[in-house]
Amino acid sequence: MNRLSAAHLNDEQLMDAYYGEFDASGHLTVCDECRGRFDRLRDVLDSFREYPIPERDPGYATAVWSKLLPKLPKDRPQRWWLQWWTWTPALAALLIITFVAGRLTERNSQAHGISEKARERVLLISLSDYLEQSQIVLANVENAAPGTADLAGERDRAHELLGANRLLRQAAEHLGDYADAALLDELERVLLDVANSPAHDSAANLDQLQQRIEREGLLFRVRITSTASRERGQKL
Amino acid sequence: MLAEGRNGKKASSHRLRCHSINCPKNCGLFSDHLTYWVSKNCWMEWTDAEAAAEARLGNKHAFRVLVERHTKALFRLAFLMTGNEQDAEDLVQETFLRSYKQIHNFDGRASFGTWLHRICVNCSLNLIRARKNRKEESPAIAADPTFHWLDHVAAPTPSPERLTESSQIASMLGPALRMLSDAERTAFILRHYEECSIDEIARTLGLQTGAAKQTVFRAVQKLRTALEPAWGTKR
């Protein structure tokens with residue numbers, strides 16, 4: 001018996017040593033008894049590393065995904081009241097109505113409750129928000145894979161965006177901002193096509209729509225205008 | 001036409017329509033971080049956290065990245081938990097489906113893999129409990145005390161390989177695991193195969209840290225008792 005026998009390691013310490021959570025190396029080099037117990041424990045636990053797990057072929061992950069995809073919820077996995085399209089169009093419409101109503105009230109009564117700049121700022125920020133959301137719909141349509149795309153979600157969103165588009169266009173025309181009004185007019189026609197497209201559009205129709213968005217550089221122009229409107233609104 | 005993205009990668013002209021203000025890698029090749037189209041040049045480089053953040057926004061391609069990355073490890077865990085290939089495959093599907101639906105609950109405190117494995121363990125325990133309940137309801141199965149899911153792993157017919165000592169030990173692994181309670185088996189699998197910390201095991205099993213450690217220890221002790229004699233004869 002060696003001199004360290006009085007301080008033998010207990011089983012829990014040996015287990016911790018095996019899993020690397022306890023440094024027993026010093027003791028194990030000098031205590032044959034603990035070394036023997038540790039070796040037996042290691043043999044047992046190491047043998048479980050040989051437990052036979054069936055091999056999966058290299059395409060297994062792809063197969064899992066293929067089975068999983070149809071089961072995934074169509075829209076983003078969020079609580080419905082957090083989804084932007086449930087409240088943003090209504091908010092945008094409210095802002096625009098406020099703006100237009102303010103303009104009309106001012107014209108009729110010469111009242112000065114809210115400044116011209118503030119109203120313009122509201123419009124520009126609303127326009128920017130609106131264009132950002134339209135951009136998402138356009139991008140999703142443009143990047144949808146022909147033949148397999150499910151555009152039901154985009155169709156619904158385009159439908160919701162159309163109402164705000166008309167109000168914004170009228171407001172832009174009213175302010176004499178004809179470039180923005182023209183862009184909104186083009187956007188409205190594309191959104192109308194998306195909103196009226198079948199849930200599973202044919203590859204030819206989708207391709208036509210995608211080419212139209214691309215040909216007119218609509219996505220790019222929408223993004224540029226969105227950014228510019230926000231910057232202008234923030235400067236006012 | 002080819003042109004360069006912000007990180008110098010070459011991109012075809014359609015990719016250049018880059019509107020990606022939120023691309024995690026800022027690669028300049030994305031259309032938009034919310035679109036379902038993801039540049040292959042970039043998404044493979046996403047970390048789990050980045051892909052999970054995208055998946056939370058509804059980007060299914062980002063979720064696919066996570067599926068492709070974690071499927072095999074998840075199958076391994078599910079198989080260890082159930083001992084049955086078909087059950088393990090079903091559990092992999094169920095785990096991913098559940099994780100997608102609950103991804104807004106993933107707060108990033110643990111790694112995505114840990115979070116996913118926790119869901120898998122819970123699904124597995126539910127399955128095992130359901131199987132046990134059904135066994136209790138089924139007199140034919142309940143009357144057979146030797147029936148257990150691990151019997152499907154250790155083939156009952158001796159093969160030539162089994163005649164060797166090491167394979168004899170290998171054939172004892174299943175029955176040894178079978179002796180453990182569900183909690184002990186889960187704790188042991190998480191500790192031994194998944195290399196989880198005691199804290200992670202405690203969180204997964206809903207135990208205090210000390211209790212989780214004791215559960216692992218009990219499992220190890222039972223396995224030692226079952227297998228050490230075989231190692232003794234080998235020496």
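How are H1(A) and H3(A) oriented to each other: parallel or oblique? The axes of helix H1 (residues 11-18) and helix H3 (residues 32-47) of chain A cross at roughly 55 degrees and come within 10 Å. H1(A) and H3(A) are therefore oblique to each other, a class for angles outside under 35 (roughly parallel), over 145 (roughly antiparallel) and 65 to 115 degrees (roughly perpendicular).

This is a predicted model, in which local features need pLDDT of at least 70 and side-chain atom pairs pLDDT 80 or more, while totals for chains, interfaces and linings use all residues. Residues are numbered from 1 along each chain as written, and chains are lettered from A in the order in which they are written.

The residues that make the helix contact (C-beta atoms, placed from the backbone, within 7 Å) are listed here.

| Helix | Contact residues |
|---|---|
| H1(A) | A:Leu14, A:Met15, A:Ala17, A:Tyr18 |
| H3(A) | A:Arg37, A:Phe38, A:Leu41, A:Arg42, A:Leu45 |

In helix H4 (residues 60-68) of chain A, A:Ala61, A:Val64 and A:Leu68 are buried, that is, with 20 or more other C-beta atoms within 10 Å of their own. Seen down the axis of H4(A), these buried residues fall within an arc of 60 degrees, so they line one face of the helix. They pack against H4 and helix H5 (85-101) of chain B.

The largest nonpolar core (buried Ala, Val, Leu, Ile, Met, Phe, Trp, Tyr and Cys residues joined through C-beta atoms within 7 Å) has 60 residues. Among those with the most contacts inside this core are B:Leu66, B:Ala78 and B:Cys120. Helix H4 (residues 60-82) of chain B gives the most to this core, 12 residues.

Definitions and conventions: A residue is buried if 20 or more other C-beta atoms lie within 10 Å of its own, exposed if 12 or fewer, and partly exposed in between; C-beta atoms are placed from the backbone. Helices (H or I, at least four residues) and strands (E, at least two) are DSSP runs, numbered from the N terminus. The arc is that of the directions from the helix axis to the C-beta atoms. Two residues are in contact if their C-beta atoms, placed from the backbone, lie within 7 Å. Axes are lines fitted to C-alpha atoms, for helices over the stretch in contact, and angles run from 0 to 180 degrees between N-to-C directions.
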